[in-house]
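Student: I'd like a close look at a single part of this one, strand by strand if need be. Pick a good place to start and work outwards from there.

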Amino acid sequence: MSVMTAADHRIPQDLADSLGTPSAYADGTVLETYRWLRKNQPFGVAKIEGVDPFWVATRHADILEISRQNDLFHSGDRSPTLTTQVMDKRVREMMGGSPHLLRTLVQMDAPDHPKYRALTQGWFMPQNLRSLEERIRKIARAAVDKMADLGGECDFVQQVALHYPLHVIMTILGVPESDEPRMLKLTQELFGAADPELGRQGDATPTKMGADEEPQMDFGVIIDFSNYFRALSEERRKNPTDDLASVIANSQIDGAPISDLEAMSYYIIVAAAGHDTTSSSVGGAMWALAERPKELAKVRADLSLIPGLVDESIRWTTPVKTFMRTATQDTEFAGRQLKQNDWIMLCYASGNRDEAVFEAPDDFRVDRKPNKHLAFGYGAHLCLGQHLAKMEMRILWEEMLPRLKSVELAGTPALSEAVFVNGPKRLPIRFEFA
Ligand code: HEM
């Protein structure tokens with residue numbers, strides 16, 4: 001195959017623009033863009049006003065391959081999420097040249113990344129999680145009981161899906177229940193910064209990334225998160241318990257305590273990544289079932305299909321839409337010539353609808369097999385919380401499905417507007433419990 005340059009592979013402007021437009025992730029436009037790109041330009045270059053040009057990987061195989069080669073494609077050399085030039089400049093000015101406001105696992109590469117990941121890896125392994133099963137089941141049962149009390153109609157996202165994973169992760173992290181509303185608000189502000197309904201009030205809420213618009217992420221949210229966790233961390237240094245907050249507070253790297261920035265970053269990523277994504281998948285599952293009574297009947301008739309329902313809902317929703325990588329050297333990939341420092345967008349939601357891997361990818365099938373979705377990423381950065389997320393969802397459906405006789409939409413559902421992490425934000429349903 002001949003080696004080609006970026007100039008040959010420019011993505012049509014309207015499609016490129018949709019990749020950077022939060023509302024395109026809410027109204028389905030981006031799925032159309034992905035479909036076209038997979039077929040016609042699976043690894044092309046997007047140029048959006050006010051954003052550095054970036055390659056766009058839309059095929060399942062390419063996303064896997066880039067994620068696998070984590071020496072060649074780094075997470076931390078540039079921003080790991082799509083950002084504007086204005087935002088990038090502001091962050092670098094604030095952070096002494098670094099493109100990151102935080103230093104979480106997501107912004108790290110070897111040799112640091114494996115060391116920092118090892119600090120909490122054991123916590124997230126199935127053996128350890130088994131000891132949490134009963135606690136989580138209690139939380140799930142309470143969530144289903146609460147839903148039963150709602151009398152046959154509710155906004156499933158606002159009244160159920162948002163709170164259950166939040167309560168689980170905050171219990172694990174050691175955050176008291178009384179502080180959960182604050183954590184929920186901060187996470188929504190962090191991920192939903194561009195959504196007019198979810199972003200921080202009083203800030204500019206851009207609908208499109210552009211040079212003259214305010215940057216997407218709110219520095220204040222990070223400061224508020226850090227202030228909260230700094231107090232928790234100090235407390236756990238003085239009085240360690242068996243919770244995850246104590247593990248983080250007392251961790252050491254190469255014999256020295258981790259820095260304040262790194263400890264705060266660790267809390268923030270676990271607190272933020274740990275529930276919004278899971279709630280979105282739970283909401284996505286309920287949305288799909290409300291529109292497909294046959295799938296609901298199938299899984300109710302055979303509860304051993306629940307893990308399949310869980311996987312399919314994660315594939316279907318793909319709450320983390322994109323992460324970015326940076327080429328560490330000049331290289332050829334997918335027949336294109338990449339330069340060192342080139343930025344690449346991994347479109348997980350596109351990989352998860354790739355016709356080459358999934359039969360009828362737009363169908364929602366609780367018995368889809370195999371289901372090699374990419375929603376948790378792949379390789380060194382494979383989601384640390386994947387077993388927890390799947391376990392939480394399995395337990396919720398085990399508690400819910402035997403009681404859920406029917407469900408249908410009772411209004412118009414809506415997805416949140418965000419380029420990075422999004423999912424259902426409104427899901428009015430009518431339901432019948434046994
Ligand atoms: C359905 C739910 C979830 C989805 C779809 C999801 C998705 C992802 C994805 C795509 C990545 C890869 C990042 C990359 O390649 O750069 C990731 C990483 C990560 N996730 Fe999740 N996640 C979910 C739930 C959770 C939960 C429950 C937790 C924690 C309690 C969590 C914590 C993390 C952490 C700490 C990382 C960084 C890992 C690393 O960079 O080594 N996630 N997640």
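Tutor: Let's start with β7, where T322, M324 and T326 point one way and F323, R325 and A327 point the other way, and all are buried. Buried here means under 20% relative accessible area, with exposed over 50% and partly exposed in between, using a 1.4 Å probe and protein chains only. The strand covers residues 322-327 and is mostly covered, with six of its six residues buried. As for names, strands (E, at least two residues) and helices (H or I, at least four) are DSSP runs numbered from the N terminus.

A quick word on what you're looking at: this is a predicted model, in which local features need pLDDT of at least 70 and side-chain atom pairs count only at pLDDT 80 or more, while totals for chains, interfaces and linings use all residues. Residues are numbered from 1 along each chain as its sequence is written, and side-chain values use heavy atoms, with hydrogens and water left out.

Now, who sits beside β7? Two strands pair if DSSP finds at least two bridges between them. β7 is joined to β10 (residues 343-347) by five bridges, and the two run antiparallel; M324 stands opposite M345 there. β3 (residues 73-74) is also antiparallel to β7, joined by two bridges, and H74 faces T326 across that pairing.

Zoom out a little and you get an open sheet of five strands, in the order β1-β2-β10-β7-β3, with mixed pairing. Its edge strands are β1 (43-46) and β3, each pairing on one side only. β1 is tied to β2 (residues 54-57) by four bridges in an antiparallel arrangement, with F43 opposite A57. Helix α3 (residues 60-68) lies across β1, β2, β3, β7 and β10, and runs at about 125° to β10. Contact here means heavy atoms within 4.5 Å; the angle, on a scale from 0 to 180 degrees, is taken between N-to-C directions of axes, which are lines fitted to C-alpha atoms, for helices over the stretch in contact.

β7 also leads us to the ligand. R325 is among the closest of the 28 residues that surround the ligand, along with H113, R117, H381 and C383; a residue counts as near if one of its heavy atoms lies within 4 Å. What does the protein give the iron atom? A single donor, the SG of C383, 2.3 Å away. Donors are N, O and S atoms within 2.8 Å of the metal (3.2 Å for Na, K and Ca), and water is not among the atoms, so sites may look incomplete. C383 itself sits in the loop between α17 (348-351) and α18 (386-400).

The ligand's oxygen atoms have polar partners too. A polar contact is a pair of N or O atoms within 3.5 Å; within protein, one must be able to donate a hydrogen and the other to accept it, and residues adjacent in sequence count only if both atoms are side-chain atoms. A side-chain N or O atom of H113 is 2.6 Å from a ligand oxygen, R117 has a polar side-chain atom 2.7 Å from one, and for Y348 the distance is 3.4 Å. Two or more residues of the shell come from each of these elements: α5 (112-121), α13 (260-273), α14 (276-291), β7 and α18.

Let's follow α13 for a moment, since S265 belongs to that helix. S265 is buried, with a relative accessible area of 0%. A polar atom of the S265 side chain lies 2.8 Å from the backbone nitrogen of R103. Beyond its neighbours within four places in sequence, S265 is in contact with L102, R103 and T104.

Finally, there's an open sheet of three strands, ordered β4-β14-β11, with antiparallel pairing. β4 (153-155) and β11 (404-409) are the edge strands, pairing on one side only. Five bridges join β11 to β14 (residues 428-433), among them S406 with E432 and L404 with F433. On the other side, three bridges connect β4 to β14, and D155 has P428 as its partner. Helix α7 (residues 133-149) lies across β11 and β14, at about 100° to β14.
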